[in-house]
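Work through the exercises below with the sequence and the coordinates at hand, and try each task before reading its solution.

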Amino acid sequence: MNKKKVIIIIIVISFIILSISGILLFDYINNKEDTNKSNTNISNVESLQKLGYSKESIEQLEKLDILDKVLKNEYSKTLDVALSSNKFKSEYLDLYLNVEYLDKEDFIDKINALNDKGYTIEEINFILSKINYEDITYILESNYIENIKDYLNIENMDIQKLRRYIDYYNNNSSKDLRSVINYVNMDMDKTPYVDYKTVEDPNNILVLVNKYNKLADDYKPDDLERINTNYSVRNLYLRKEAKEAFEALCRDASSLGLSIRAISSYRTFDYQKGLYDNYVSVNGVEEADTYSARPGFSEHETGLATDVMGSNGNYTRFAETNEYTWVVNNAHNYGFIIRYPKDKENITKYMFESWHLRYVGKDAATYMYENNLCLEEYLASKLK
Ligand SMILES: [Zn+2]
């Protein structure tokens, strides 16, 4: 062997040794990284267990490679349940981390659905804090509602009417939300005489009978009493409480030299039908509807309303009398209101009737007098 050959062999052997060392070193470093990583994973898993996450949830988080991210937050029962429910959507991780859990079977479905609609986490938490859980359905019936928080902040808002508020708001954009809610609570979005309810508690002193609320055809109050004939033009009847209050009103007015007398009080369904049919035959339906109630829709059938006349003997000109001026300022002290005031025609859907008094009791009458409310507005403001 010559020198040259020996050198070449040495070089080749050195090269082989270096290559093997390199490969071994590379493997070693790589293995070390893997071990580090799995060590980190092991400690993350332990931390998550300590926080309270279930084994299944942690396995899922591991698969999704988001152990780190979840660990940066406090334990979230919502996330834990979402992971084990197969309703989990990885893009909604922040939602699950930041919405407080409610123990309801479909909770994850509901918050997913709210998020799908476009509600922010803050809005979802607000909704959950403001309404009954079951009522979320009403929110999900509509597209995203930009001012949902404004709606939920109005105290007499009835969530079951949400769809109607939105429709009314969209068709009457100049109105503020509070008015919209009041108007819909008063059923003003409905069609008079077409879209009506039958009154459930006809004996209630505050009963609302109007073009959206009808009495049963056979309703008859069972405590009707005849009004003292000093204060009525013929035999007329009111319910006991209303009759006594009306007589007191007339008596006190009389002591001041004023003459107030009932000209029409309780009416049966049949009587109202005859009256209305007659008006229709003379003026047609459209005009008759502005001043006369259809049978079943007349307050006179409650036994709580009476038409009156003053000293000029003409009820249609009652507004020109001193009696009227006195009634405007004093009727509430006896529990009566002027039921169809001049400035409320768009709500009552009746033209101004100075002569039509309605008994509602002293408290309600005084409240309406002091706050300039008609009966619909008063009841809507109390509605929840
Ligand atoms: Zn009347």
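**Exercise 1.** Determine which atoms coordinate the zinc ion in this predicted model, and classify the geometry of the site of the zinc ion from the angles among its four donor atoms.

*Solution.* The zinc ion is held by NE2 of His300, by two OD contacts from Asp307 and by ND1 of His356, at distances of 2.1 to 2.8 Å. Along the sequence these donor residues follow the spacing H-x6-D-x48-H. The angles among the four donor atoms run from 52 to 150°, whereas a tetrahedral assignment would require all angles to lie between 85 and 135 degrees; the site is therefore classed as irregular.

**Exercise 2.** Decide whether histidine 300 is buried or exposed, and do likewise for aspartate 307, buried or exposed.

*Solution.* The cut-off for a buried residue is under 20% relative accessible area. Histidine 300, at 3%, is therefore buried, and aspartate 307, at 6%, is buried as well.

**Exercise 3.** Describe how strand E6 (residues 305–309) is enclosed, and identify the strands that pair with E6.

*Solution.* Five of the five residues of E6 are buried, so the strand is largely enclosed by the rest of the structure. One side carries Ala305, Asp307 and Met309, the other Thr306 and Val308, and all of these are buried. Strand E5 (residues 261–264) runs antiparallel to E6 and is joined to it by three bridges, with alanine 262 opposite valine 308. Strand E8 (residues 353–359) also pairs with E6 in the antiparallel sense over three bridges, and here alanine 305 stands opposite arginine 358.

Terms used: Residues are numbered from 1 along each chain as its sequence is written. This is a predicted model: local features need pLDDT of at least 70, side-chain atom pairs count only at pLDDT 80 or more; totals for chains, interfaces and linings use all residues. Side-chain values use heavy atoms; hydrogens and water are left out. Donors are N, O and S atoms within 2.8 Å of the metal (3.2 Å for Na, K and Ca); water is not among the atoms, so sites may look incomplete. Four donors count as tetrahedral if all angles lie between 85 and 135 degrees; four count as square planar and six as octahedral if opposite donors are over 155 degrees apart and all others between 65 and 115; anything else is irregular. Buried means under 20% relative accessible area, exposed over 50%, partly exposed in between (1.4 Å probe, protein chains only). Helices (H or I, at least four residues) and strands (E, at least two) are DSSP runs, numbered from the N terminus. Two strands pair if DSSP finds at least two bridges between them.
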